[in-house]
Amino acid sequence: LIEKDPRYKDVLFPYLNGQDLNSRPDCSASRWVINFHDWSEDRAKQYSECYDQVRRLVKPERDRNKIAHRRERWWQYAARTPMLLKAIAGLERVIVITLVSKTVMPVMVPTGQVFSHALGVFATDDTAMLVLLSSSLHYWWAVSRASSMKADLRYTPSDVFETFPLPELTEEMRALGDRLDTYRRDVMLSRQAGLTATYNLVFDPECRDEDIVE
């Protein structure tokens, strides 16, 4: 659709979820979604191919919804996050973490995507924060504060991040964060391994591969 009509960039976005973040070597979205933002129906209709698809696939489900505004504004997302959008406006990338996972490992990803409700989004592009959230201090704090879902940790920002005693973010941490972000990305791409597969090797005492040890 975008190739046919560049206007569709206004309403078509990559959709990043936890599975993509943890399993794809570049932590990229595997799917796209239609997003009509907080627009009126008349404005949404201007993007006819997307509007027709949402009307056909979404409206029948919304017509059965017990919540009035979800029935009446069926072309919009049921639970939008305007405060998040405001917080990350102007940032080219942010830190995200899968809320239910074994690794509890944050990564930097581009903005301009629709983030799944299964992701925690930290409204910062500071690699010092990336280092802090990647540290054993943060991991064990999360283990002690979070709940679990089957064998995975369920990261709840209100219980974990909001109670975590934040140290000063230093330039040394920032330099380490830049190095971590670049090096880890190269390792994952060269191995064609996602976060989970990569960190399974990191935590495997039998694995002494140079790139994993680093």
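This report describes salt bridges, one helix packing and two backbone features in a predicted model.

**Salt bridges around helix 9**

Side chains of opposite charge can pair when their charged atoms come close. The structure holds 12 salt bridges, and those described here involve residues of helix 9, which spans residues 171-191. Asp-126 and Arg-174 form one of these salt bridges, with 2.7 Å between the closest N and O atoms. Because Asp-126 sits in the loop between strand 7 (119-122) and helix 7 (127-134) while Arg-174 belongs to helix 9, the pair ties together parts that are 48 residues apart in sequence. The two partners differ in their surroundings, since Asp-126 has a relative accessible area of 17% and is buried, whereas Arg-174, at 22%, counts as partly exposed.

Arg-174 also forms a salt bridge with Glu-171, where the closest N and O atoms are 2.6 Å apart. Here both residues lie in helix 9, three residues apart, which is about one turn of the helix. Glu-171 is exposed, with a relative accessible area of 57%, so Arg-174 has a salt-bridge partner that is buried, Asp-126, as well as this exposed one.

A further salt bridge joins the side chains of Arg-191 and Asp-211, at 2.8 Å from N to O. This pair links distant parts of the chain, with Arg-191 in helix 9 and Asp-211 in helix 11 (residues 210-213), 20 residues apart. Arg-191 counts as partly exposed at 30% relative accessibility, and Asp-211 likewise counts as partly exposed at 21%. In addition, a network of salt bridges links Arg-93, Asp-181 and Arg-185.

The three pairs with a stated distance are set out below.

| Salt bridge | Closest N and O atoms |
|---|---|
| Asp-126 and Arg-174 | 2.7 Å |
| Arg-174 and Glu-171 | 2.6 Å |
| Arg-191 and Asp-211 | 2.8 Å |

**Packing of helix 7 on helix 9**

Two packed helices are described by the angle between their axes and the distance between the axes. For helix 7 and helix 9 the angle is about 75° and the axes are 7 Å apart, which means that helix 7 is roughly perpendicular to helix 9. Helix 7 contributes Thr-127, Ala-128, Leu-130, Val-131, Leu-132 and Ser-134 to the contact, and helix 9 contributes residues including Met-173, Leu-176, Gly-177 and Leu-180. Seven residues of this contact are nonpolar, three are polar and four are charged. Among the residues that helix 9 brings to the contact are Arg-174 and Asp-181; Arg-174 is also the salt-bridge partner of Asp-126, and Asp-181 belongs to the network with Arg-93 and Arg-185.

**Positive phi angles**

Most residues other than glycine have a negative phi, and most peptide bonds are trans. Cys-27, which is not a glycine, has a positive phi near 55°. Cys-27 lies in the loop between helix 1 (18-23) and strand 2 (31-34), and is buried, with a relative accessible area of 6%. His-37 also has a positive phi, of about 55°, although it is not a glycine. His-37 is found in the loop between strand 2 and helix 2 (41-45), and with a relative accessible area of 25% His-37 is partly exposed.

Note on methods:
Residues are numbered from 1 along each chain as its sequence is written. This is a predicted model: local features need pLDDT of at least 70, side-chain atom pairs count only at pLDDT 80 or more; totals for chains, interfaces and linings use all residues. Side-chain values use heavy atoms; hydrogens and water are left out. A salt bridge is a side-chain nitrogen of Lys or Arg within 4 Å of a carboxyl oxygen of Asp or Glu. Helices (H or I, at least four residues) and strands (E, at least two) are DSSP runs, numbered from the N terminus. Buried means under 20% relative accessible area, exposed over 50%, partly exposed in between (1.4 Å probe, protein chains only). Axes are lines fitted to C-alpha atoms, for helices over the stretch in contact, and angles run from 0 to 180 degrees between N-to-C directions. Angles under 35 degrees count as roughly parallel, over 145 as roughly antiparallel, 65 to 115 as roughly perpendicular and the rest as oblique. Contact means heavy atoms within 4.5 Å. Ala, Val, Leu, Ile, Met, Phe, Trp, Tyr, Cys and Pro count as nonpolar, Asp, Glu, Lys and Arg as charged, and the others, Gly among them, as polar.
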